[in-house]
Each structure stands twice: as structure tokens, then as C-alpha cells.
Amino acid sequence: MTSNFSLLHDLPQHTVRRAVVSGMANNVYLITAKATGAQILIDAADDLPAIKDLLSDAAKDATVPTTLSTIATTHSHWDHVRALAGLVELTKVSTAAGTADVAAIEQECAVATDRPLEHGDTVQVDGIELLAVHLRGHTPGSMAYVLPSDMEGETLIFSGDSLFPGGVGNTGNDPERFTRLLNDVQERLFNVYGDATQVLPGHGDPTTLGVERPALSAWRARGW
């Protein structure tokens, strides 16, 4: 397994670091509140030693000792939860995920979700509040997590496998699932947030809503 690390955003109140892990190049994101040291990790995808290194790297991002408080999972697919059991065992922290994916997550990795999430719920620790946005289609319970604008910083969307540069996530060649996912992405992300909003997907490089917005009609026409 390979991994690499980067500081993606150094905002007034938060930092966001990323580790890229596994042969599928999964993104593991770590948000740190600078004032409190509280952290939320998004998608314990794989490679527990790499995630431990990511946590170690972020220890310098706060003015007080850092502490992982919550692991938020974007969806139930196996490549996004392979290190979840190991990280929970190591840290004893709580877990959060979309309600409709809770059973599948437990089936994949034997981890029960402490906080099942519905659309509009928040995942909150001291100094960080993420909005859960339900994006139906890639999996039944897929969630994006939105970190609102940090003073002069941009709003960040951790989109899992629901939105990428160039299109929405895989919906199994099912027209109904594709339409449902694109509708949710358009109504709950593009119609709510501005062009400067950063999109941090579950694989690959970030993009912005402004870059992707002109292609929405083309995505709908092509059907994927």
C-alpha cells in the first residue's frame, strides 16, 4: 500500500490535511480546529499506519494538544472503511455515517455507527461543525460533509464518491439512481453554495463548484 500526505487548507480556524492511501487512491481527510485541537477524520479508508502518521502530522496544527474526536464515513463501500475498525479500536472515538448505510458499514467492517445521520444533521466537536448532506444514488446513505466558510476561507465539501471533477459518482448504469444522485447534487450542493466552494472527493484531486457548474446539463444528457 502507498500513501502520501498534504496540507490542503490552512484556514483561519481550521486546517485540512489529506492522506492518499491504497491502490485505489482513497482520500482520507483530517480537519483540525486550531483553537481547541479537536479533530474529525473523514473516511478511514485504509492503511492504519498512514492514518496514524496523518494524525501525527496534524499535531502541530493547533495551539493546544490535538485529539481525534469523531470519524465520519461518507458511505459504506469497502474501500472507504477498511481501516475503520482498527482506528476505532486504537482511538475509542465515536463514529458517524448516513442512516441508510449503517447496516452495510457494519457488514463490511463490523463497526456499529454511533451517530446515524439524516439530511441536515450536523457532526459537531469543539471548534468544528460539519453539515451532513444526503446525496442518494451512489449508495443509499451516501453523505457529503460541508465545512462552512471559515471567516475569509472557502466553504469545503467533502463529497465522498458522489461528486468528482467531471461528474457524479458511479450509479451502476441505473438511470433512476443516476437521476436521483444528479438531482441531489444539483439541488443540495450547486443550488446552495457558490462557485468558490471547494469540492474534496473520495478519490482524486479537488475541484470547485464553479469549475463543474457549466457541465451539469451535459452530465444529465450523457446519463453518467
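Buried means under 20% relative accessible area, exposed means over 50%, and partly exposed is anything in between, using a 1.4 Å probe and protein chains only. Helices (H or I, at least four residues) and strands (E, at least two) are DSSP runs, numbered from the N terminus. You're looking at a predicted model, where local features need pLDDT of at least 70 and side-chain atom pairs count only at pLDDT 80 or more, while totals for chains, interfaces and linings use all residues. Residues are numbered from 1 along each chain as its sequence is written, and side-chain values use heavy atoms, with hydrogens and water left out.

**Stop 1: helix α4**

Select residues 175-190, which make up helix α4. Show the side chains of Phe178, Leu181, Leu182, Asp184, Val185, Leu189 and Phe190: these are buried. Why do they sit on the same side of α4? Because they cover an arc of only 160° around the axis (the arc is that of the directions from the helix axis to the C-beta atoms). Now turn to the other side of α4, where Pro175 and Glu176 are exposed.

What do the buried residues of α4 pack against? Color β9 (128-134), β11, β12 (163-164), β13 (167-168), α5 (209-212) and α6 (216-222) to see these partners. Contact here means heavy atoms within 4.5 Å.

Before you leave, pick Asp174, which caps the N-terminal end of α4. A side-chain oxygen of Asp174 lies 2.9 Å from the backbone nitrogen of Glu176. For a polar contact, look for a pair of N or O atoms within 3.5 Å; within protein, one must be able to donate a hydrogen and the other to accept it, and residues adjacent in sequence count only if both atoms are side-chain atoms.

**Stop 2: the six-stranded sheet**

Next, select the open sheet of six strands, in the order β8-β9-β10-β11-β14-β15, with mixed pairing. Two strands pair if DSSP finds at least two bridges between them. Which strands are at the edges? They're β8 (122-125) and β15 (207-208), and each pairs on one side only.

Zoom in on β8 and follow the alternating side chains. Val123 and Val125 point to one face and are buried, while Thr122 and Gln124 point to the other and are not. Add β9: β8 and β9 pair in the antiparallel sense over four bridges, and the bridge partner of Gln124 in β9 is Glu129. The two strands form a hairpin with two residues between them. Click on Gly127 in that turn, which has a positive phi of about 100°.

Now move along to β11 (residues 156-160) and β14 (residues 198-201), which run parallel and are joined by four bridges. Gly160 has Pro201 in β14 as its bridge partner.

**Stop 3: Thr197**

Select Thr197, in the loop between α4 and β14. Is Thr197 buried or exposed? Thr197 counts as buried, because its relative accessibility is 6%. Leaving aside residues up to four places away in sequence, Thr197 touches Thr155, Ile157, Thr207, Thr208 and Leu209.

**Stop 4: the cavity**

How many cavities of 30 Å³ or more does the structure hold? There's one. The largest cavity has a volume of about 30 Å³. On a 1 Å grid over the protein atoms alone, a cavity is a set of points where a 1.4 Å probe fits but cannot get out, and lining residues have an atom within 4 Å of a point. Grid points are joined across faces, edges and corners, and a volume is the space filled by probe spheres set on the points.

Show the lining of the largest cavity: Asn27, Tyr29, Ile42, Asp43, Thr74, Phe158, Ser159, Gly160, Pro201 and Gly202. Strands β3 (26-33) and β11 each supply at least two lining residues, and β11 gives the most, with three.

**Stop 5: strands β5 and β6**

Select β6 (residues 94-98), where four of the five residues are buried. Then add β5 (residues 67-72), which pairs with β6 in the parallel sense over three bridges. Thr70 stands opposite Ser94 in β6.

**Stop 6: His9**

Finish with His9, in strand β1 (residues 3-10). His9 is buried, with a relative accessible area of 11%. Not counting residues up to four places away in sequence, His9 touches His14, Thr15, Val16, Glu154, Leu156, Gln198 and Leu200. For a last distance, pick the C-alpha atoms of His9 and Arg180: they're separated by 31 Å, and the two residues are 171 residues apart along the chain.

Conventions:
1 Å grid on protein atoms, 1.4 Å probe; cavity = no way out; pocket = protein on both sides within 12 Å on 5 of 7 lines; lining within 4 Å.
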